[in-house]
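Here is a short report on side-chain contacts and burial in one protein chain. Please keep the sequence and the 3D view at hand while reading.

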Amino acid sequence: MKLRLVPNYVALLSPQRNHTDNEHATQSSFDQVALNRIIIWLAMRKLSFTGLLLVVVVCAAVIMGFASSQDAQLTRPRLREMLVELGYEVTDIVKEEGKEKFSVKFTKNDLNIPVGFEISPSNTYIWLTVNLGDAPKEATTKCLNLLKQNGKIQPTFFYFTDSGRLMAALPVENRNVSNAILRLRAESVSDNVGKTKEFWQAQ
């Protein structure tokens with residue numbers, strides 16, 4: 001039996017779609033729907049069992065390939081390599097294996113801003129953080145102003161640590177992070193720290 005259906009398979013497997021922030025959350029269900037469509041479409045044309053099984057196996061392999069590429073995560077050594085590839089001067093803050101943290105300085109609004117880069121213990125996020133000094137000892141107007149700024153600079157945000165430090169942070173999902181994405185996020189968090197200096201520097 002000759003199969004002249006390949007163009008239709010491709011169309012079903014590769015519909016046009018926009019790359020949005022929630023694409024990864026819906027990809028699995030999207031692929032399953034596509035696979036179901038192919039199976040039903042072939043069954044309606046009374047394709048032989050062997051031919052149907054072959055198509056199902058091929059489709060499953062393609063979908064697994066999609067998932068594999070989308071789940072790619074940076075390792076800590078690779079994160080450092082990327083920072084070097086971007087031309088940054090990288091300082092090793094923590095060298096302990098599995099807990100590595102790196103720092104890169106950015107100049108924004110006449111400030112030298114050291115941004116820390118580290119991967120969360122779960123490997124789910126890459127955290128970009130900036131230490132802004134001592135946090136207020138009690139609730140003050142400064143705290144209220146910082147809270148207001150969070151709404152303007154998100155996903156960057158200010159927070160206080162248990163040790164009493166004022167921090168700015170930007171979490172990046174550790175999935176398919178390219179050099180371009182890493183640079184964009186690094187510039188974003190340093191820009192936000194620079195343009196809000198009047199609020200976090202206030203006494």
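## Salt bridges

E85 is partly exposed, with a relative accessible area of 47%. The model discussed here is predicted. E85 forms a salt bridge with R78, and the closest N and O atoms are 2.8 Å apart. R78 is partly exposed, at 28% relative accessibility.

The structure holds nine salt bridges. Three of them are set out below, including the one just described.

| Salt bridge | N to O distance |
|---|---|
| R78 and E85 | 2.8 Å |
| K99 and E96 | 3.8 Å |
| K108 and D191 | 3.1 Å |

Take K99 and E96. Their side chains meet at 3.8 Å, N to O. K99 is exposed, with a relative accessible area of 52%. E96 counts as partly exposed, at 47%. The cut-off matters for this pair: exposed means over 50%.

Now take K108 and D191. Their side chains meet in a salt bridge at 3.1 Å. This pair links distant parts of the chain, with K108 in strand β2 and D191 in helix α6 (residues 179–195), 83 residues apart. K108 counts as buried, at 14% relative accessibility. D191 is partly exposed, at 34%. Salt bridges that share partners also build a network, and R78, E81 and E85 are joined in it.

## Aromatic pairs

How many aromatic pairs does the structure hold? The count is three. In one of them, Y88 and F106 sit edge-to-face, 5.2 Å centre to centre, with 65° between the planes. Y88 lies in the loop between α4 and β1 (91–94), and F106 lies in strand β2 (residues 101–108), so the pair ties together parts that are 18 residues apart in sequence. Both Y88 and F106 are buried.

W127 and F157 form another edge-to-face pair, 6.3 Å centre to centre, with 80° between the planes. W127 belongs to strand β4 and F157 to strand β5 (residues 157–160), so this pair ties together parts that are 30 residues apart in sequence. W127 is partly exposed, with a relative accessible area of 27%. F157 is partly exposed, at 27% relative accessibility. W127 and F157 join Y159 in one aromatic cluster.

## S120 and its loop

W127 also appears among the contacts of S120. S120 lies in the loop between β3 (111–119) and β4 (125–134). Is S120 buried or exposed? S120 is buried, with a relative accessible area of 10%. Its side chain reaches the backbone nitrogen of T124 at 3.2 Å. Residues up to four places away in sequence aside, S120 touches R76, Y125 and W127.

## L83 in helix α4

L83 is found in helix α4 (residues 76–85). At 0% relative accessibility, L83 is buried. Which residues is L83 in contact with, leaving aside its neighbours within four places in sequence? They are Y88, V90, F102, V104, F117 and L182. L83 and F117 are 34 residues apart in sequence, yet their C-alpha atoms are 9.3 Å apart in space. Y88, one of the contacts of L83, is also a partner in the aromatic pair with F106.

## Helix α5

Helix α5 (residues 141–153) has 13 residues. At 1.5 Å a residue, α5 should span 18 Å, and its end C-alpha atoms are 18 Å apart, which agrees. The expected span is 1.5 Å times one less than the number of residues, so the arithmetic starts from that rule.

Which residues of α5 are buried? They are K142, C143, L146, Q149, N150 and I153. Seen down the axis of α5, these buried residues fall within an arc of 120°, so they line one face of the helix. An α-helix has 3.6 residues a turn, so residues three or four places apart point the same way. On the other side of α5, T141, L147 and K152 are exposed.

What do the buried residues of α5 pack against? Their partners are β5, β6 (165–173), α6 and α7 (197–200). Two of these elements have come up already. Strand β5 holds F157 of the aromatic pair with W127. Helix α6 holds D191, linked to K108 in strand β2.

Terms used: Residues numbered from 1 in each chain as written. Predicted model: local features only at pLDDT ≥ 70, side-chain atom pairs only at ≥ 80, totals over all residues. Heavy atoms only, no water. Helix = DSSP H or I, 4+ residues; strand = E, 2+ residues; numbered from the N terminus. Buried < 20%, exposed > 50% of the residue type's maximum accessible area, 1.4 Å probe, protein only. Polar contact = N/O pair within 3.5 Å; in protein donor to acceptor, adjacent residues only side chain to side chain. Contact = heavy atoms within 4.5 Å. Phe/Tyr/Trp six-rings, centres within 6.5 Å; stacked < 30°, edge-to-face > 60°. Salt bridge = Lys/Arg side-chain N within 4 Å of Asp/Glu carboxyl O. Arc of directions from axis to C-beta.
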